[in-house]
Amino acid sequence: MEFPFDINQLFSERVSVLDQTLVAGRTSTGMPQLQARIATVIDELGRASAKAQQLPASITSASKLQSQRHQLYLLKDGESNGGRGVAVGFLKVGYKKLFLLDRQGVHIEAEPLCVLDFYIAEGVQRHGYGLELFNFMLQHKNLEPVVMAYDRPSPKFQSFLAKHYSLTPSVPQANNFVVFEGFFLNRPVVL
Ligand code: ACO
């Protein structure tokens, strides 16, 4: 996704980790114009993600990121667009307290890291960017994908998880979250 400003000036790394402060490295600290541009990038990506998932409204925006304790991993391609760079996609995660049904039908309370939104720009899906971004997040969080929960994973995302991490859905849940085979292993049994 192209923007009428230099993406490399906003995001120095190939993957930037953004949080409530909307700060992507030292360059944007205390610089309102750069922060406004970062907000524009997040808003545009959030809109495109909602459209791709046929959602009535964006679940990712700069203002939502500022008010929630989530983290957004943003992937850029710094060489494209005549060296000004393009935003390739993003992955948003956050901890949620969930009530989940285990294999025995017992409700357990857990607070896993959840994938809340995930989007790679239309023209470059199925090029391995999603995997690069997801692996970056796993390494950054030092987690295996099986211990995470997934908020309404789309068919494309379910296919992605099955292909790259051999994840197959576990017990159907009463909420919108999906957990996969193995999620309940190594968890204390609740009697
Ligand atoms: N149809 C079916 N499966 C797909 C598609 C597609 N159009 N695109 C990607 N996949 C899956 C497949 O398993 C594919 O492997 P294959 O080509 O051998 O079939 C695999 O992803 C490819 O892996 P990557 O290239 O690393 O994935 P990509 O860069 O496309 O990123 C993502 C995956 C984020 C799901 C991307 O396709 C996308 O943005 N889709 C639209 C938005 C979306 O559905 N996001 C998930 C929302 S749910 C949530 O966030 C909790």
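**Exercise 1. Strand 3 and its partners**

Find the strand that 7 bridges join to strand 3, and state how the two run.

Solution. Step 1: in this predicted model, strand 3 covers residues 86-95. Step 2: the 7 bridges lead from strand 3 to strand 6, which spans residues 113-120. Step 3: strands 3 and 6 run antiparallel. Step 4: look for facing residues. G89 stands opposite I120 of strand 6, and L91 stands opposite F118 of strand 6.

Now find how strand 2 and strand 3 pair.

Solution. Step 1: the pairing is in the antiparallel sense, over 7 bridges. Step 2: one facing pair is D77 and V86, the latter in strand 3.

**Exercise 2. The whole sheet**

Write down the strand order of the open sheet and name its edge strands.

Solution. Step 1: the sheet has 6 strands, in the order 1-2-3-6-7-8. Step 2: the pairing within the sheet is mixed. Step 3: an edge strand pairs on one side only, and this holds for strand 1 (15-18) and strand 8 (177-178).

Which helix packs on the sheet, and which strands does that helix touch?

Solution. Step 1: the helix is helix 4, residues 129-141. Step 2: helix 4 touches strand 1, strand 2 (71-77), strand 3, strand 6 and strand 7 (149-151). Step 3: the direction of helix 4 makes about 135 degrees with that of strand 2.

Decide why strand 3 can be called largely enclosed by the rest of the structure.

Solution. Step 1: a residue counts as buried when its relative accessible area is under 20%. Step 2: 9 of the 10 residues of strand 3 are buried, and therefore the strand is largely enclosed by the rest of the structure.

**Exercise 3. The ligand**

List the residues that come nearest to the ligand, then the polar backbone atoms close to its oxygen atoms.

Solution. Step 1: there are 24 residues around the ligand, and F118, G128, S154, S159 and K163 come nearest. Step 2: a polar backbone atom of L131 is 2.9 Å from an oxygen atom of the ligand. Step 3: for H127, the distance from a polar backbone atom to a ligand oxygen is 3.2 Å. Step 4: for F160, the corresponding distance is 3.4 Å. Step 5: the ligand taken alone exposes 960 Å², and the protein buries 86% of that.

**Exercise 4. Two residues to classify**

Is S49 buried or exposed, and what does its side chain meet?

Solution. Step 1: S49 is found in helix 2, residues 32-52. Step 2: S49 has a relative accessible area of 0%, so it is buried. Step 3: the side chains of S49 and D117 are joined by a polar contact of 2.8 Å. Step 4: leaving aside neighbours within four places in sequence, S49 is in contact with F90, D117, F118 and Y119.

Is F180 buried or exposed, and which residues does F180 contact?

Solution. Step 1: F180 lies in the segment after strand 8. Step 2: F180 has 1% relative accessibility, so it counts as buried. Step 3: beyond its neighbours within four places in sequence, F180 contacts V146, Y150, L161, L167, T168, P169 and S170. Step 4: take L161 from that list. F180 and L161 are 19 residues apart in sequence, and their C-alpha atoms are 9.7 Å apart in space.

**Exercise 5. Residues in loops**

Locate V147 and classify its accessibility.

Solution. Step 1: V147 sits in the loop between helix 4 and strand 7. Step 2: its relative accessibility is 34%, so V147 counts as partly exposed. Step 3: V147 and L185 are 38 residues apart along the chain, with 9.2 Å between their C-alpha atoms.

What is the sign of phi in Q54 and in R126, and where do these residues lie?

Solution. Step 1: most residues other than glycine have a negative phi. Step 2: Q54 is not a glycine, and its phi is positive, near 55 degrees. Step 3: R126 is not a glycine either, and its phi is positive, about 60 degrees. Step 4: Q54 is in the loop between helix 2 and helix 3 (62-67), while R126 is in the loop between strand 6 and helix 4. Step 5: Q54 counts as exposed because its relative accessibility is 72%. R126 counts as exposed at 86%.

Technical notes
Residues numbered from 1 in each chain as written. Predicted model: local features only at pLDDT ≥ 70, side-chain atom pairs only at ≥ 80, totals over all residues. Heavy atoms only, no water. Pairing = 2+ DSSP bridges. Helix = DSSP H or I, 4+ residues; strand = E, 2+ residues; numbered from the N terminus. Contact = heavy atoms within 4.5 Å. Axes fitted to C-alpha atoms, helices over the stretch in contact; angles between N-to-C directions. Near = heavy atom within 4 Å. Polar contact = N/O pair within 3.5 Å; in protein donor to acceptor, adjacent residues only side chain to side chain. Areas by Shrake-Rupley, 256 points an atom, 1.4 Å probe, with all protein chains shown as cover. Buried < 20%, exposed > 50% of the residue type's maximum accessible area, 1.4 Å probe, protein only.
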